Structures are given as structure tokens and as C-alpha cells.
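Visitor: I'm new to this one. Can you walk me through it?
Guide: Gladly. Here it is.

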Amino acid sequence: MWKLMCVTLALLICVKGDSLMLNPRIVGGNDATEGSWPWMVGLNYDTGEHFCGGSLITNKWVLTAAHCVKGEDKSKLLVHLGKRTKEPDNHNQHAIVRTIKDIIPHPSFDAAKKDNDIALLHLSSTVDFTDHIKTVSLAAEKSVFATKTKSWTTGWGYIGENVPLLPTGILQVVEVDVLDNLKCVTACISTVTDNMICAGSKDEHKGPWKGDSGGPLMSKQCSKWVQSGVTSWAEECAKPKKPAVYARVSKYQKWITDNVGDLVEFVLFPTQCPTASHG
């Protein structure tokens, strides 16, 4: 019965604007420590409802999934930064809110194929960087995330079958491994293209689900976090050997730069870390 419920929920279609996506959420995660993911962004409707995530890439631009925002009325959306719990309240003393000046989905976004599922949000005003609000570096063109590359994804989405994170719930983080696209194709019902990157767990229920779309997939290089993916879609409740699929950030360096300018830090992954000298 549990398995049937899980598969049934996984196949529910989430309508965002004029796009159709399979719902993603964080399953099998842990509470994030205060200020540990300072680029993490929560997207809410002006009614207070959380619906997607994102990442801060400059002091005025946010990266998210196209299916989250395409067709939405920007005047009814709010961007929350610097928060730890799902909704800004007295427990989020470092949180700030911004409205959106412009929504820029990728021009080749294909809702049916879930391809090029990436978008930019131009904030109405700049944000000041603090210990709790910072930008994340993005994977540069020609970056390679090999099979089993350790990665992490974050979000305020569902934490169990029909179990949404409470409004006071803390940001969830889960560790997953990159899976080769060819193997990912055999594990997924939908098509996996070169514009996507897959990550999941071989043995455990781990990964994003409902409410986590648009959030970052990240790997650490030396002392720097590098965003490799944007949470796009998933199947079968983050089950073992059922990876989630993300927009591959390195494929979009030119598009992002054309829209944002040279303010975004792109990092080639992997790069050999400098060796400490001993004198």
C-alpha cells in the first residue's frame, strides 16, 4: 500500500504557469545549521505560500527553475533571503524580502520535455551581503561532474509522504551523488538530455520533492561551493536508484552572462586545489 501511494504521488503533475512538472521535495535530509547556505532563496506568493527555491548569484539576481516562474504574475511573488525556517517570522531575524523587477525564463524552455528548465529573477532592489546573505559560484562551461561526485541540495519542500515542512520548519539539506546521464536515462521515465544533470542515492530515500524546485545542487571545491544544477524534476519519491534531475548550470554560462553581465562568478569544476606551502 505504501509503495502504491508513493508511486501515485510521484506521478502527480504540478502545474506552474503554462508548464508541467513532476513535483520535487527534500526527502531524507537534515536541518541546516544557521547561515550555512547563505545564497538559498525562498520564493513565496504574496499570500505567504512557499512554492519554490532559488539561489542568489549577484546582489540583484536569483537563479531558479523556469517551471517555477514562467507565466507567473511577478507582482504577486516575493523573494525571501537570509532565512532559516520555511516562513519568515520571529525566528528569522536575518531575513529580508525583495519584490521582482523582471522574470526571464530561458527562451528554449520546453515544458513538455522539461528541457532548459532554468530562469533568472531580477530583483527590484539590491541586497547587502551579510553572514547570512551571500552569493554562490556557478559551474563554468566545460565543467565535469563525474559519477559519484558528492553533492548537496537544499529546500523547504515536503519531508515525507504527504508531509509538508511546517512553517517553523528548518531548511533541509541532503547529500546525494551525481549519476552518469546514460545510467540516469535507464532509471527515469522521462527523457534526460545533455542540458540536465542527475543525482541521487543508491541505497537510501534521499533527494528533492514537492516545493524544492528551483533550488541549487552544489559540490564543494577547495573552500568554495559551486552550483552544478537547478532542481527541476524527480520520479518515485526520491527512492533508491531513482535520481532527481537538475538543469545543468554549466550549459548556461553564456545565457546567464548575456542577461546579468560579468557579475556572476563562474568556476571550472573540477580544478586542482592549491597545495599548502611549508616554509
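Visitor: What does the accessible surface of the protein come to?
Guide: About 12,600 Å². Of that surface, 53% belongs to carbon and sulfur atoms. Keep in mind that this is a predicted model.

Visitor: And how many of the residues are buried, as a percentage?
Guide: The protein has 279 residues, and 55% of them are buried.

Visitor: How many helices and strands are there?
Guide: The count is four helices and 18 strands.

Visitor: Take the contacts between residues at least 6 apart in sequence. What share joins residues at least 24 apart?
Guide: That share is 73%.

Visitor: Let's switch to disulfides. How many does the structure hold?
Guide: Three. One pairs cysteine 52 with cysteine 68, with 2.1 Å between the sulfur atoms.

Visitor: What parts does that pair tie together?
Guide: Cysteine 52 is in strand β5, residues 50-56, and cysteine 68 is in helix α2, residues 66-69. So the bond ties parts that are 16 residues apart in sequence.

Visitor: Are cysteine 52 and cysteine 68 buried or exposed?
Guide: Both cysteine 52 and cysteine 68 are buried.

Visitor: Why is the disulfide of cysteine 52 and cysteine 68 called left-handed?
Guide: Because the torsion about its S-S bond is about -80°.

Visitor: Which cysteine does cysteine 184 join?
Guide: Cysteine 198, with an S to S distance of 2.0 Å. Cysteine 184 sits in helix α3 (residues 181-187), and cysteine 198 in strand β14 (residues 196-200). The two are 14 residues apart, and the pair links distant parts of the chain.

Visitor: What about the torsion for cysteine 184 and cysteine 198?
Guide: It is about -80°, so this disulfide is left-handed. Cysteine 184 and cysteine 198 are both buried.

Visitor: Where do cysteine 222 and cysteine 273 lie?
Guide: Those two form a disulfide, with sulfur atoms 2.0 Å apart. Cysteine 222 is in the loop between β15 (216-221) and β16 (224-233). Cysteine 273 is in the segment after β18 (266-267). They are 51 residues apart.

Visitor: What is the torsion about the S-S bond of cysteine 222 and cysteine 273?
Guide: About -115°, so the disulfide is left-handed.

Visitor: Why does cysteine 222 count as partly exposed?
Guide: Because its relative accessibility is 40%, and partly exposed runs between 20% and 50%. Cysteine 273 counts as partly exposed too, at 34%.

Visitor: New topic: empty space. How many cavities of 30 Å³ or more are there?
Guide: One. Its volume is about 100 Å³.

Visitor: Which residues lie nearest the centre of the largest cavity?
Guide: Gly35, Ser36, Trp37, Lys83 and Arg84. They belong to a lining of 13 residues.

Visitor: What classes make up that lining of the largest cavity?
Guide: Five nonpolar residues, five polar and three charged.

Visitor: Last stop. Where is threonine 99?
Guide: Threonine 99 is in the loop between β8 (96-98) and β9 (100-105). Its relative accessible area is 40%, so threonine 99 is partly exposed.

Visitor: Which residues is threonine 99 in contact with, leaving aside neighbours within four places in sequence?
Guide: Leu77, Leu78, Leu123 and Ser124.

Visitor: How far is threonine 99 from lysine 74 in space?
Guide: The distance is 7.9 Å, C-alpha to C-alpha. In sequence, threonine 99 and lysine 74 are 25 residues apart.

Terms used. Residues are numbered from 1 along each chain as its sequence is written. This is a predicted model: local features need pLDDT of at least 70, side-chain atom pairs count only at pLDDT 80 or more; totals for chains, interfaces and linings use all residues. Side-chain values use heavy atoms; hydrogens and water are left out. On a 1 Å grid over the protein atoms alone, a cavity is a set of points where a 1.4 Å probe fits but cannot get out, and a pocket is an open set with protein on both sides within 12 Å along at least five of seven lines; lining residues have an atom within 4 Å of a point. Grid points are joined across faces, edges and corners, and a volume is the space filled by probe spheres set on the points. Ala, Val, Leu, Ile, Met, Phe, Trp, Tyr, Cys and Pro count as nonpolar, Asp, Glu, Lys and Arg as charged, and the others, Gly among them, as polar. Buried means under 20% relative accessible area, exposed over 50%, partly exposed in between (1.4 Å probe, protein chains only). Contact means heavy atoms within 4.5 Å. Accessible areas come from the Shrake-Rupley method with a 1.4 Å probe; for residues, only the protein chains shown count as cover. A disulfide is a pair of cysteine sulfur atoms within 2.5 Å.
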